[in-house]
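User: Please take a close look at the contact between the two chains in this model, and then place that contact in the setting of the strands, helices and buried side chains around it.

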Amino acid sequence: MILLSAASCRKDWLDRKPRNIITEGSTTWNDPVLILGVLADYYDRLPTDMGLVDIDHSSVDANQDRQAQWRNMADYDDAMWSGAGQDARNNYTSYPFDRWRIWNYGLIRDINLALENIEKYGTTLTATQKIQFSAELRFLRALDYFEMVKRMGGVPLITKQLLYDYSGEPASLQSPRAKESEIYDFIGSEMDAIKDQLGNSNAATTIASTTRANKYTALALKSRAMLYAGSLARYNNLMATPITTLGGEVGISASRAQDYYAKSLAASKEIINSGFYSLYKSNSNLGENFYEAVSKKSGNKEVILAWDYLSAKNKRHGFSYDNIARGIREDNLSSSNIAPSLNLVESYDYLDGSAGTLKTRTPDNTDYIYYTNTTDIFANKDARLYGTVIYPGAPFKGFTVQIQAGVLVWNAAANSYTTVEGTDLGSNYTDGKALTAASGPHRSILEVSNTGFYLRKYIDPGVNTSTRGIQSDMWWVRFRLGEVYLNASEAAFELSQTTDAMLYINALRERAGFAANSMKALTIEKIQNERRVELAFEDHRIWDLKRWRIADKVWNGSTSNPDAMVSALYPYRVIRPGDPARDGKYVFIKMVAPRIRAPRFFQLGNYYSSIDQVVLNNNPKIVRNPFH
Amino acid sequence: MGSQFKLLNKTAMKNCLPLWVNASSPSYRVSRYSPGILQVLLVMIVMNFTFIYDVTAGVTSEIPIKKIPFFRPITGKITNSKNEPVSGVSVKVKETKTGTTSNENGDYSINIPNATGILTFSHIGYADKQIEVASYTTVINVRLEENQSTLNDVVVVGYGTQKKATITGAVSSLKSEDLMRTPAVAATSALVGKIPGITARSTDNRPGNGTSIQIRNLGAPLYVIDGVPYSTSEGATSFGFNTGISGQNLFNQLGLEDIESISILKDASAAVYGLRASNGVVLVTTKKGKRGETSNFNLSGYYGLQNFTRFNKPGNAAQYVRGRLESEQNLGRSPSLLYTKEQLAKWEAGTDKGYKSYNYFDMVTRPNVPQYYISANASGGSQKSNYYFSISHVDQDAIIKDYKFDRTNIQANLNATVFKGMQIGAQISGRLQKHHNVGVPGLDDYTNPLLSISSMWPTESPYANDNIKYINQTHNINVNPATYKNDVTGYVDEMYRSMNVNLTAQYDTKFGLTLKGLYSYNYTNEDFDGFEYTYNAYIYDPITDSYNNRSAAGALYGNQNPWREKHKRNIFARFAQIQANYSKQFGDHSFSAVAAYERSDNENSYFLVHTIPPNNTIPTQLFSNQDVLIDDWSTEARAGYVGRLNYSYAGKYLLEVLGRYDGSYLYAPGSRWGFFPGISAGWRISEEPFMKRSGNGFITDLKLRASYGETGSEIGYPISQNRSVNTNLYTAGGSAPDPFSYLPGYTFAGTGVDDGRSAVLDGNYVIGLRPRGLPITNLSWVKNQSKNIGIDIGVLNGKISGQFDVFERKRSGLPAARYDVLVPSEVGYTLPNENLTSDATRGVEGMITYSNKAGAFDYAVAANGTFARRRDLQPYKPRFGNAWDEYRNSTVDRWSSINWGYHVIGRFESLQDIESYKIDNDNQGNRSQLPGDFKYEDVNGDKIINALDQRPIGYAEGTQPYVSFGFNGRVAYRSFTLSVDFAGANMQSYFRDNELKYPFQNNGNSPAYMFEDHWRRVDPYDPGSAWVGGTYPAFRKDLTTHVNYNPIGGSRSDFWLTNVHYLRLKNLELGYNFPKSLIDRMGLARFRVYVNGTNLISFDNVKEFQIDPEISLGSGLIYPQQRLVNFGFNVSFK
């Protein structure tokens, strides 16, 4: 009882002070360290379709569930799913209309709140600090709006905290959707307004932050957003039936195309000419160089903004664990989930400028072409192929990634080959040599490539980074100079400044091993292919195909359309004793990847994602997108 | 004898009444045989004079008769058949108003107003007795015969005890001996099938685990152990260990033998526990010694052998290979690329080298794994103190080698009277508990071994070239059981050390008021130490006869992912209570009252350090290798005022009124406190004169009970009201609101969805801060109204007794969104839930027992059953888009957890059948169908199968069955006892998924029964060959999206969903008591040996899936219950 009365000295027994929450507002907004913490949270919440992590909050907020899903890399035509448990990714009968949907006004609210609280509480902050933080917050808000507009079309433009007063009358909080163009214009004007307020760059050393917004990050966003707006204005109106709504929530007038392209080009040029950035050219092995251009964190003046990780502080991810080539995995689970497609591999041109189609059969199609090494078929290809994917026999982390599906045994009596494939990986044929390689490919085994290719881009080269215990701190590049070159090239092309357009595109090609000025004539198709090969797996292709309004044609849901089917390339070792020209050599068979069971099917209703019914219910001023 | 007696002749002497003596013998006899007794007064009435004769002094005085009261005192002692005193026995002189009751020593004294009379002795639970008072009798000792019923049992209820007979609430209780009949490691498992109202499901039975029990399917109950309520927050770590902080865990981890009784408060009787009592209360009392008892010393123990009840057996190599070929064929790929015909033939023969079939069930599991228990206790007491000491140890090995569980418990319960009326006591319990697992990569170490059974290919060897020196680099080395050894893959040790100390003081005043104080302190520590080694694996190369530990590319085989973690959880739980009890009897009116104030809090802190060990050798963690640190904290705090009044009139009319004013830290200051009243009344019809009069002894006890009570529930979120979810995985409890959600502020660097996320900015790790959502200040606890009507009946002198209850618990104010106030999504936050919707759990329960003796047979049988199901009542302003929406999604006054799915009405018999089938079964024009595929019922007749064709096909999955029942029987014949306990359940659904559904799931094997009985072509190499029918559809490896498994619009069909019912023999025990003549010579008071079987037989409808009927995991890859056969003994020393 003494103990009891002693305990009752506390003022209110039920008033407990949490140790895992900061409850004080004014402290937070006067402490630059804590404000940076708020920014850190916002940076980390920026949505992307891919990324190196999976952040799925669908159970909590249906409109924030797709913040980042690396698995989406398997959903288009650049790759397929070769892992376990998600074979639905290989069997989409069509993309659902709610795909790519986000409505993440949670982040918008938090940013607006921060902008207001800095003004309201930040009494001891210097004016410079306030300007800097506010500008950075506005960058984040604009980037979030960009992620929304490219998926949803025009969305309500909310730039102030909306506070509900529990009056039961929330109508005053309802805003209609802005026009699609208005969101792009907002992004453009915001970037213009803040670009010179943003710090995070040092003019003397020409070194800019790669993880926080600076002037050039703002310009990079502007470059991309204006390019999207320009191409929407142009290509949507070239469709048989342009996709529009009466209020302009979807659809931009064709007349605005030139203006947007010009703004994009100007922003791109300002970055290119700033002296802060240069294409990464530090490794004489051009394939490795391209890999490093994306993945190398130090001494890399190409990357403009990245989502960074740091293993030493337990900020890391399992992307390498999940996607390293099977035969060289360090953990005993996972690997190989994202398997790049033959479609992608063949889109890399040969360095002589010829189309990238791989030569597996003799010109008269009577026999295979016999290669001494599995790598030979990829000889003289665009170095970006090496830098992006691991093809049969390519090295990684000091290992050779052996990829062989089986053997072709010559049956002289039948005058044909008998195909023999292993039931397990790393198996040997009766001749004591490899039957199925440790990295496959295999038609039915999971967690081994089903296409014959593995991902190189974003796979960590560090020792044991593909283990669950150590993981990887490879960063995710949101903006880099390579894209800005392509943006500039495309904008210039659309503005009929073809010389400039070729200048930028050839700079990238030259870095990939092509001769100087390798591209002599430019078409939009060439620009499209160039973006595919340069920016593969960097979360561009789906958005590019959408803004060019070709997604429904490339992925038309037809099994007879090779672009809609994900293809594979299976290497075999030939056993044909007595024929030294063929025996022991390698041949390749192209096929639809065995685990792919449905073509990619992008419908017109996919150009803009459907708006969640709950959102529509909550605000009657929101109009639906077309086709929904 | 003095000369005065000479005045009287013998006849006169007979007329003298020896009336008043202070010794225990009649004076008549004193006068004749015992002249030495002191101070014997003899009063004789002769004519109108009274002579008082002092035997010792030899003096006679004469008093006129009117001067002394005319009465005749009788005294005596009342005992029961065990010679124990019985207190509170009503002693009455028949046909008079004179009456008394026996005291705590069983003594009584009464004055008979007439010279002769009949004394009646009555007491609840005993047969009434009438004794004619003979002349000259002054002492009548009575032995009462117990009724067969248990009405005289003292039952622990909230804040006190009551006689079972006078309880007005729905309270069931279980005594130690009934608990001990099941050799359970965790106490919850020992309750199954024995108490009406308890529903049980045992879904994961790894060593040390208990059974999930609920009271009337209301949700997780509150556990109160020796008067101390503990936290209800349940949890398991990602390693599968209990977080150890809840009352349920403390209960489960008590020494089973230390439990004296368990009471289950099911209705308003629980309301005295207020805010957390809505799901019922489990009251646990530990054993105490008895005062004035000679010392008891008991030893008991058992040794048992465990086997899985059921677990599915994987296919053999021939089955597997053929199935794989069929799958390739069915998927339109070339089977011969996988296995040639020659290879198939070799696998089917299984004789050639390299074509051996491996059985991974046998590899992973062991038969007849030991479990043993040993316990010693001593109890006793002097006049001023009593004690109970015990120590026990239970040890349970897992079916999987190198996995084990053991626990040691101590209990010391002491009580002493320090001065008159003042008692102090202590109840101390301690526990050391250890789980040892093999450190299998991945979190829960039990996952992989069970997964291995299904995942390993029967075509691959665990050891390269079958050489046990080399672990084979199998297709998935992670599940190669050759690695599941401490010295290969490492270890995980998890240790709990827990001490619970209750200190009590009690002062009894002389006028019926008792004051009590209780302080309880619980300290629980969890220490986790895990080390997962790297290890190598090999592939044998027959050409060079070598074992290679790395691939040709150079990458090492095996596991190169080392892992080391230690963590600690410290939990401090404090509880303090002051209590006043008062009881008084005025004639037939008896009152008692309780008032109490109590408060409790706990703190839970967690600290984790993780390293990446550079090798498998250095045993400690080094800072240089550290990569993770977690420092976590949580708290709970509550307080409450308790009051209760009991009134009874003549033991017939019973009334209880109670109330509690309770507060919880979870809510904002304005909505913290709530008042929870309860009232219950009982009418013991059997005590009415008309029943007594008509009493032919047939109905010996009859009581009607009714109760109403209000309680709270700390529920923060709506329970499974997500309308798009069909699984209905519903937890009756709901989850608690987030602590401190009433505060604004910022979260930082957490791991939750709403926690601030950190980022790496300019190469520096920046701790993230996130503004929290709107503070939740308008949400409070959920209100519960519990109603219960019950009847207790005893027939044939209690040989048959029954208890039946009808009940409802209505919840109102379940949290939900006020969705008609539509705040635009663009505001960026959602309005907090408010207390808006309602539901009810309704049901009936009952039990009936019959016990009797027939010659040397002494036997009892009992049956109990419970039906309890939740019904949604009124959601907040429901609205529906159309009639289908309402039919499919309404929760207005409808049973909850309806499982919606498709009816399978038949199979496609042939390709022609598919061709000509008019209903689009797969939304692809039946392009994906093969013979043997399911035809779903097109309920709405629109020729296409989609979500509109879903209909109710079952009940909730994964939670308690709606119907539970049990049968118990006991026969004693001379020195033998035989007891059986059956437990059963009905109305629960099990959904087969993953390994039990998809062939070759996870790139592995499938159950043998699936291979033996499925649709296939006769020749896996010939697509034109004939189809053969079976139970399971044609194999298509990895095509989990197929409509056989996932119909368009939903995943459930009544092929994969089974409404499980079972009746299992939980327990069968044969015991033998050594005869007294023998054990006397051994110096023992009791010596009993027994053999006991658990889960020996099960009658159910999931046998064909080879799963235990109580599991809920769809894949079946969970540690099932054990079939345990054990041998035990109990010895009591003199």
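Analyst: The interface comes first, then the strand pairing and overall make-up of chain B, and last three buried side chains.

This is a predicted model, in which local features need pLDDT of at least 70 and side-chain atom pairs count only at pLDDT 80 or more, while totals for chains, interfaces and linings use all residues. Residues are numbered from 1 along each chain as its sequence is written, chains are lettered from A and ligands numbered from 1 in the order in which they are written, and side-chain values use heavy atoms, with hydrogens and water left out.

The size of an interface is often given as the accessible area lost when the parts come together. Here chain B and chain A bury about 8,600 Å² between them, and 58% of that area is on carbon and sulfur atoms. Buried area is the accessible area (1.4 Å probe) that two parts lose on being put together, summed over both. Tyr746(B), Arg757(B) and Glu826(B) supply 10% of the area that chain B buries against chain A, more than any other three residues. In residues, the contact (heavy atoms within 4.5 Å) takes 101 from chain B and 107 from chain A.

The polar part of the interface can be counted in two ways. There are 7 salt bridges between chain B and chain A, a salt bridge being a side-chain nitrogen of Lys or Arg within 4 Å of a carboxyl oxygen of Asp or Glu. One salt bridge joins the side chains of Arg19(A) and Glu603(B), at 2.9 Å from N to O. Polar contacts across the interface link 34 residue pairs, both residues at pLDDT 80 or more. A polar contact is a pair of N or O atoms within 3.5 Å; within protein, one must be able to donate a hydrogen and the other to accept it, and residues adjacent in sequence count only if both atoms are side-chain atoms.

On the side of chain B that touches chain A, strand β31 (residues 626–649) of chain B gives the largest share, 7 residues. Helices (H or I, at least four residues) and strands (E, at least two) are DSSP runs, numbered from the N terminus. By class, this side of chain B has 49 nonpolar, 30 polar and 22 charged residues. Ala, Val, Leu, Ile, Met, Phe, Trp, Tyr, Cys and Pro count as nonpolar, Asp, Glu, Lys and Arg as charged, and the others, Gly among them, as polar.

Strand pairing also crosses between the chains. Strand β1 (residues 21–22) of chain A and strand β35 (residues 746–748) of chain B are antiparallel and share 2 bridges; two strands pair if DSSP finds at least two bridges between them. Ile21(A) has Thr747(B) as its bridge partner in β35(B).

Within chain B there are 14 helices and 55 strands. Strand β55 (residues 1122–1133) of chain B is joined by 12 bridges to strand β20 (residues 296–308) of chain B, in the antiparallel sense. Strand β53 (residues 1084–1094) of chain B also pairs with β55(B), antiparallel over 10 bridges. Phe1129(B) in β55(B) stands opposite Gly301(B) and also opposite Val1089(B). Elsewhere in chain B, 5 strands form an open sheet of mixed pairing, in the order β13-β18-β19-β16-β17. Its edge strands, each pairing on one side only, are β13 (171–175) and β17 (228–229) of chain B.

The C-alpha trace of chain B spans about 130 × 75 × 65 Å along its principal axes. Of its 1134 residues, 56% are buried, where buried means under 20% relative accessible area, exposed over 50%, and partly exposed in between (1.4 Å probe, protein chains only).

Three buried side chains complete the picture. Gln329(B), in helix α5 (residues 317–330) of chain B, is buried at 8% relative accessibility. The side chain of Gln329(B) reaches the backbone oxygen of Asp1019(B) at 2.9 Å and that of Pro1020(B) at 3.0 Å.

In chain A, Arg456(A) sits in the loop between β16 (454–455) and β17 (476–480) and has a relative accessible area of 0%. A polar atom of the Arg456(A) side chain lies 2.5 Å from the backbone oxygen of Tyr386(A). Arg541(A), in helix α16 (residues 541–547) of chain A, counts as buried at 15% relative accessibility. The side chain of Arg541(A) makes a polar contact of 2.7 Å with the side chain of Asp77(A).
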